[in-house]
Amino acid sequence: MQYVGLQTQINRNNQLSILLLMGFPCIILGMVWVFLAIINYLGGGYYNQYGELIQEVNTAEVNYYFLQTLPWVAGGVGIWFAIAYFANTAMVRAATGARPLQRRDNPRVYNIVENLCMTCGMDMPQINVIDDPQLNAFASGIDKKSYTVTVTTGLLSLLNDEELAGVIGHELTHIRNHDTRLLITSIVFVGIISTIMSIVMRMLINTMMFGGGHSNRSNSKEESNGVSVIVIMLVGVVCCAIAYVFTLLTRFAISRKREYMADAGGAELCGNPLALASALRKISGDPGLQNIGRDDIAQLFIIHPQSLTNGVMGFFSNMFSTHPDTRKRIAILEQF
């Protein structure tokens, strides 16, 4: 694997963070324009001299309504993003059930983190622990005040000190490389779009099930309005789905290489690549936190459980996974 300096990786991630901040809103606004254009196309049209219905998009009209909705969309997304971005630590802790760990609670873990931080000259992050017998660890946070390394009790009980140092070194490298800031940005925007899509889907289902509850079938106007609402919501679902796919592809494009970089950094910090390889092998036997049920947070884990699926499902899972194949990561570490 080609060596990339720490500062180079940090600069790249800072640039990607800026691109994400610009790219995700552009995707959202682009889908709003497409939504308005489709509605304009379906709701417009005229008959030519042959009596044929001609449907086309009135671009000027679409642009007018787009400019009218632009401040509301941009403002709503901006407020939502700001709240989620700065409250990410509390949100991750609430989703995982993590609790803070002090030196008196577990001197072994605290001393390992402290020694590694002294080795690389970084500030000590918060240490959290999750009461879970399965094995996993992750880093999170956007600045020195919120940087956190989280481990499970299962991980602490199964790994020896050298293996645990390799895992913690991996997570500290994520923090040093600003990977966590980049991923939190990605998580927030993907969450915004998936939530909007979920709301629109729920509204669509409710409209289809309960919207046409009038017994008077002769009221064609009400029926027509009901059909129009359903069509508009269907278009909204499709647009949200397209936007969601684009955001996922953008996230996947930035995710995999950072794991290799963190493996290299963790191996360098702990001074024993084979210890980290051994730790990854143990974790892959029982990776977990499936009870969290949130794939956006699972992408922070040192091993994503989906990346271990076999067969055809494993092929598609690995193709769209935010993590590289664990066996490849172990093989690279064993070549150091």
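**Buried strand, bent helix and a loop aspartate in a predicted model**

Q: What makes strand β6 (residues 148-152) largely enclosed by the rest of the structure in this predicted model?
A: 5 of the 5 residues of β6 are buried, so the strand is largely enclosed by the rest of the structure. Both of its faces are covered, with T148, T150 and T152 buried on one side and V149 and V151 buried on the other.

Q: How do you know that β4 (residues 126-130) and β5 (residues 137-140) each pair with β6?
A: Pairing requires at least two bridges between the strands; β4 and β6 are joined in the parallel sense over 5 bridges, and β5 and β6, which run antiparallel, by 4 bridges, so both count as pairs. Within these pairings, V129 stands opposite V151, while S140 stands opposite T148.

Q: Why is D325 called buried?
A: Buried means under 20% relative accessible area, and D325 has 17%, so the term applies. D325 is found in the loop between α11 (311-319) and α12 (326-333).

Q: What makes the approach of the D325 side chain to the backbone nitrogen of R327 a polar contact?
A: The side chain of D325 reaches that nitrogen at 3.0 Å, which is within the 3.5 Å limit for a polar contact.

Q: How do you know where helix α2 (residues 59-86) bends?
A: The angle between the axes fitted to the seven residues ending at T69 and the seven starting there is about 40°, and a proline, P71, follows within four residues. The 28 residues of α2 nevertheless reach 38 Å from first C-alpha to last, close to the expected 40 Å.

How values were computed: Residues numbered from 1 in each chain as written. Predicted model: local features only at pLDDT ≥ 70, side-chain atom pairs only at ≥ 80, totals over all residues. Heavy atoms only, no water. Helix = DSSP H or I, 4+ residues; strand = E, 2+ residues; numbered from the N terminus. Expected span 1.5 Å × (residues − 1). Buried < 20%, exposed > 50% of the residue type's maximum accessible area, 1.4 Å probe, protein only. Polar contact = N/O pair within 3.5 Å; in protein donor to acceptor, adjacent residues only side chain to side chain.
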